[in-house]
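Student: I would like to walk through this structure with you, beginning with how the residues are classed and then moving on to the pockets. Please put it up.

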Amino acid sequence: MICAIVFWCILIVLTVFHLFKHEYKIMWCALLTLALSLIPVLMRVDVFSTVVYFAVIWMALYFGNARGFYDKYKWWDRAVHFLAGVAFVGFGIVIAGEMTGNVKLGLLLFGFTFSLTLYVFWELLEYIGDCLFHFNAQRWQKVHASNNHKSKKAMQPAGLVDTMSDCICCIIGSAMIVVVWWLLL
């Protein structure tokens, strides 16, 4: 809980700072990060998954979108999706554990599939943002300064390469943390 309070205080200060500097896009990203950070606390997700989730939304919204880290660092997008896979398994375990009283394997299977389901919604939101607001989160726009998300060997367009790489990173992150949870439960 102390971690959450510190995180919220930093985000409130950043929101006010960017408001006074008239950096509204960054301010809204900080505010959205603050709002989304309430979810694991309200759900009573474990501390580890909550901290990783805070890192994910901070990395994705504030640094990734508002500060342009997706374009500055080739590995940034993959790191965000890998960590999202790690965090979302904890969310699935909390939901499955409260809904049923399932055995360990059922909890972990649900956590894994729940993580992947949230990833699909994440990609859907990226696509909607790209279509409605021209964000280019999936890197499919024809004109873009960044080629970070397309390998020189890729025969597919950058948007497909980006989305599939994100998917693979999320699956690997989810699978690895399921093994850790297996040992902890």
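Tutor: Before we discuss any lining, a word on classes: Ala, Val, Leu, Ile, Met, Phe, Trp, Tyr, Cys and Pro count as nonpolar, Asp, Glu, Lys and Arg count as charged, and the others, Gly among them, count as polar. Please keep in mind that this is a predicted model, in which local features need pLDDT of at least 70 and side-chain atom pairs count only at pLDDT 80 or more, while totals for chains, interfaces and linings use all residues. Residues are numbered from 1 along each chain as its sequence is written, and side-chain values use heavy atoms, with hydrogens and water left out.

Student: Okay, so by class, what is in the lining of the largest pocket?

Tutor: That lining has 20 nonpolar, six polar and five charged residues. A pocket, on a 1 Å grid over the protein atoms alone, is an open set of points where a 1.4 Å probe fits, with protein on both sides within 12 Å along at least five of seven lines, and lining residues have an atom within 4 Å of a point.

Student: And what volume does the largest pocket have?

Tutor: Its volume is about 1,000 Å³, where grid points are joined across faces, edges and corners and the volume is the space filled by probe spheres set on the points.

Student: Which residues that line the largest pocket are closest to its centre?

Tutor: Of the 31 lining residues, those are L32, L61, N65, W122 and L125.

Student: Let me switch to the fold for a second: how many helices and strands are there in the protein chain?

Tutor: The protein chain has eight helices and zero strands, these being DSSP runs numbered from the N terminus, with helices taken as H or I of at least four residues and strands as E of at least two.

Student: Back to the largest pocket, then: which elements each supply at least two residues of its lining?

Tutor: Those are α2 (24-36), α4 (47-66), α5 (69-72), α6 (76-99) and α7 (104-133), and the largest share, eight residues, comes from α7.

Student: What about the second largest pocket, which residues line it?

Tutor: The lining consists of M1, C3, A4, P40, V41, R44, V45, D46, V47, T50, V51 and F54. The elements giving two or more residues to it are α1 (2-20), α3 (38-43) and α4, with α4 giving the most, four residues. The volume of this second largest pocket is about 150 Å³, and by class its lining has nine nonpolar, one polar and two charged residues.

Student: R44 caught my eye there; what is its phi near?

Tutor: Phi of R44 is near 60°, a positive value in a residue other than glycine, and R44 sits in the loop between α3 and α4. At 67% relative accessibility R44 counts as exposed, where exposed means over 50% relative accessible area, buried means under 20%, and partly exposed lies in between (1.4 Å probe, protein chains only). H22 also has a positive phi, of about 60°, although it is not a glycine; H22 lies in the loop between α1 and α2 and is exposed, with a relative accessible area of 55%.

Student: Now the interior: which residues touch the most other members of the largest nonpolar core?

Tutor: Of its 39 residues, F7, Y53, V80 and W122 do, a nonpolar core being a set of buried Ala, Val, Leu, Ile, Met, Phe, Trp, Tyr and Cys residues joined through side-chain atoms within 4.5 Å. The largest share of this core, eleven residues, comes from α6.

Student: And what is Y53 in contact with, leaving aside its neighbours within four places in sequence?

Tutor: Y53 is in contact with L36, S37, I39, P40, A87, F88 and F91, contact meaning heavy atoms within 4.5 Å.

Student: Take A87 from that list: is A87 buried or exposed?

Tutor: A87, in helix α6, is buried, with a relative accessible area of 0%. A87 and Y53 are 34 residues apart in sequence and 5.3 Å apart in space, C-alpha to C-alpha. Not counting residues up to four places away in sequence, A87 touches S49, V52 and Y53.

Student: Last one, what share of the residues in the protein chain is buried?

Tutor: Buried residues make up 43% of the 185 residues.
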